[in-house]
Amino acid sequence: MELAELDEKYSLVVLLGEDSVGKSTLLNAVEGTHSYYPSTEEYGDAGDESSDKVVVIGDDPKRATKLWFKIPSEEEVDNFNLLQRIRAVVIMFDVTDRKTFDQIMKWHRVAASTYDSHAFLVANKLDLAESREISSQSAQLIADRYEMKYLELSAMTKKGVADLVAEITAAVNRDD
């Protein structure tokens, strides 16, 4: 689905972060974390499996929250200010890779060009706790500095994914 085709009823959620932080794995994990109406199978993917996922959350089709999760292409990131319909930005890092954490400021600068979007800092790969390099406290300090909501999850095991989707849903619904 192209941005121009995006139905006004969908809330665009953009996933940002370095390669290998788990953005695609998170997209796949989003499906099945909530009761959907209609199901994501009925809506299908918004586009390429690895970059888009549409989920509809809620029991009442008239009041359901429709989220379009997207991993932007390099071209879209370079022209991020063009994506003015973004409702939430998720900046991800890998808790086992300090280099991905050190790039949060870069991704925050990209995200800061959006209008009226909610920002989330997400620590991924909690399933690899024995290799953890970034503490929860360090990540929370960065989240506080950049006024982002901080969450931790494992996209691989799906632990914490439902919490992230719930937080995004609550944030976009507060605006409506």
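## Strand β3 and its partners

In this predicted model, strand β3 (residues 65–70) is mostly covered, with 6 of its 6 residues buried. The side chains of T65, L67 and F69 point one way from β3, whereas those of K66, W68 and K70 point the other way, and all of them are buried. This arrangement can be read beside a general rule: in a regular strand the side chains alternate between the two faces of the sheet.

Two strands pair with β3. Strand β1 (residues 10–16) runs in the parallel sense relative to β3 over 5 bridges, and within that pairing V14 has K70 as its bridge partner. Strand β2 (residues 52–57) pairs with β3 in the antiparallel sense over 6 bridges, and here V54 stands opposite W68.

## Helix α6 and its two faces

In helix α6 (residues 136–145), the residues A139, I142 and A143 are buried. Seen down the axis of α6, the buried residues fall within an arc of 100°, and they therefore line one face of the helix. The general geometry behind such a pattern is that an α-helix has 3.6 residues a turn, so residues three or four places apart point the same way.

The buried residues of α6 pack against several elements, namely β4 (86–94), α4, α5 (104–111), β5 (118–124) and β6. On the face of α6 turned away from this buried side lie the exposed residues Q137, L141 and R145. Just after α6, E147 takes a positive phi of about 55°.

## R98 in helix α4

R98 is placed in helix α4 (residues 98–102), and α4 is also one of the elements against which the buried residues of α6 pack. With a relative accessible area of 35%, R98 is partly exposed, because this value lies between the 20% under which a residue is called buried and the 50% over which a residue is called exposed.

Not counting residues up to four places away in sequence, R98 touches E133 and I134. R98 and R132 are 34 residues apart in sequence, while their C-alpha atoms are 9.1 Å apart in space.

## Confidence along the chain

The mean pLDDT of the chain is 80, and 76% of its residues reach 70 or more. Among the elements of the chain, strand β6 (residues 149–152) has the highest mean pLDDT, at 98, and helix α2 (residues 40–43) the lowest, at 38. Over residues 35–49 the pLDDT is below 50, although this stretch has 35 contacts in the model beyond near neighbours in sequence. Where pLDDT is low, the predicted coordinates should not be read in detail.

Terms used
Residues numbered from 1 in each chain as written. Heavy atoms only, no water. pLDDT = per-residue confidence, 0-100. Helix = DSSP H or I, 4+ residues; strand = E, 2+ residues; numbered from the N terminus. Contact = heavy atoms within 4.5 Å. Buried < 20%, exposed > 50% of the residue type's maximum accessible area, 1.4 Å probe, protein only. Arc of directions from axis to C-beta. Pairing = 2+ DSSP bridges.
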